[in-house]
Amino acid sequence: MKNPTTNVDINKKVSAMNYYAYRMMIRENADNHILKCRQLFHQYIVDMYAKIESEKLLYIRLNQVKLCSEEYIHLRDAVVNYGNLSELGKMVILPSTFTGSPRHMHEYAQDAMTYVRAYGRPDFFHHIYMQPSMG
């Protein structure tokens, strides 16, 4: 990372996501050749997204102790139910902050039930009648 005013190197780590976001920005008085490549640009975005997601998963897998995964009840249930630990594979617990993980989806389901409890079941016709009339 460089200081933009002095162009001197800064001893600071930058995440991959920030780096790729920086590469895609539009700047005045500078051509960004990545943005001009259309379908190749789309492929670049998909590849970088996959790379960032795999780096997140690797971090989660390597830092299970820091993430307190031994406290999760599902891990304890697996040990109790299966008994023989030598036959169990290495379990990696995904935190609820990881989009698409079972815990993340469980939080969304709980939020949806909270909305239903507060506002009632969703109804297509209710939505239509609640819109302001055009006329």
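Me: Let's agree on a word before we start: contact means heavy atoms within 4.5 Å. Among contacts in the protein between residues at least 6 apart in sequence, what percentage join residues at least 24 apart?

Reply: Happy to start there, with the reminder that this is a predicted model. The pool is contacts between residues at least 6 apart in sequence. Within that pool, the share that joins residues at least 24 apart is 34%.

Me: Which pattern does the protein follow when read along the sequence?

Reply: The protein has 5 helices and 0 strands. Reading along the sequence therefore gives helices, written as α-α-α-α-α.

Me: How much of the protein counts as buried, and what share of the exposed area do carbon and sulfur atoms supply?

Reply: A residue is buried when its relative accessible area is under 20%. Of the 135 residues, 14% count as buried. The protein exposes about 12200 Å². The share of this area supplied by carbon and sulfur atoms is 59%.

Me: Are H1 and H2 roughly parallel or roughly antiparallel?

Reply: Helix H1 covers residues 16–24 and helix H2 covers residues 39–62, and their axes come within 10 Å. These axes cross at roughly 165 degrees. Angles over 145 count as roughly antiparallel, so the relation of H1 to H2 is roughly antiparallel.

Me: Is that crossing of H1 and H2 left-handed or right-handed, and how many nonpolar residues does their contact have?

Reply: The crossing of the two helices is left-handed. From H1, the residues involved include Tyr20 and Met24, and they meet a set in H2 that includes Phe41, Ile45 and Met48. By class, the contact has 3 charged residues and no polar ones, while the nonpolar count is 9.

Me: Which residues does Tyr44 touch, leaving aside those up to four places away in sequence?

Reply: Tyr44 sits in helix H2. Tyr44 and Ile34 are 10 residues apart in sequence, with 8.5 Å between their C-alpha atoms. With residues up to four places away left out, Tyr44 touches Tyr20, Arg23, Met24 and Ile34.

Me: Where does Asn7 lie, and is Asn7 buried or exposed?

Reply: Asn7 belongs to the segment before H1. Its phi is near 60 degrees, a positive value in a residue other than glycine. Exposed means over 50% relative accessible area, and because Asn7 has 53% relative accessibility, it counts as exposed.

Me: What is the phi of Arg38?

Reply: Arg38 is found in the loop between H1 and H2. At 69% relative accessibility, Arg38 counts as exposed. Although Arg38 is not a glycine, its phi is positive, at about 45 degrees.

Technical notes: Residues are numbered from 1 along each chain as its sequence is written. This is a predicted model: local features need pLDDT of at least 70, side-chain atom pairs count only at pLDDT 80 or more; totals for chains, interfaces and linings use all residues. Side-chain values use heavy atoms; hydrogens and water are left out. Helices (H or I, at least four residues) and strands (E, at least two) are DSSP runs, numbered from the N terminus. Buried means under 20% relative accessible area, exposed over 50%, partly exposed in between (1.4 Å probe, protein chains only). Accessible areas come from the Shrake-Rupley method with a 1.4 Å probe; for residues, only the protein chains shown count as cover. Axes are lines fitted to C-alpha atoms, for helices over the stretch in contact, and angles run from 0 to 180 degrees between N-to-C directions. Angles under 35 degrees count as roughly parallel, over 145 as roughly antiparallel, 65 to 115 as roughly perpendicular and the rest as oblique. A crossing is left-handed if the near helix is turned anticlockwise from the far one by less than a right angle, and right-handed if clockwise. Ala, Val, Leu, Ile, Met, Phe, Trp, Tyr, Cys and Pro count as nonpolar, Asp, Glu, Lys and Arg as charged, and the others, Gly among them, as polar.
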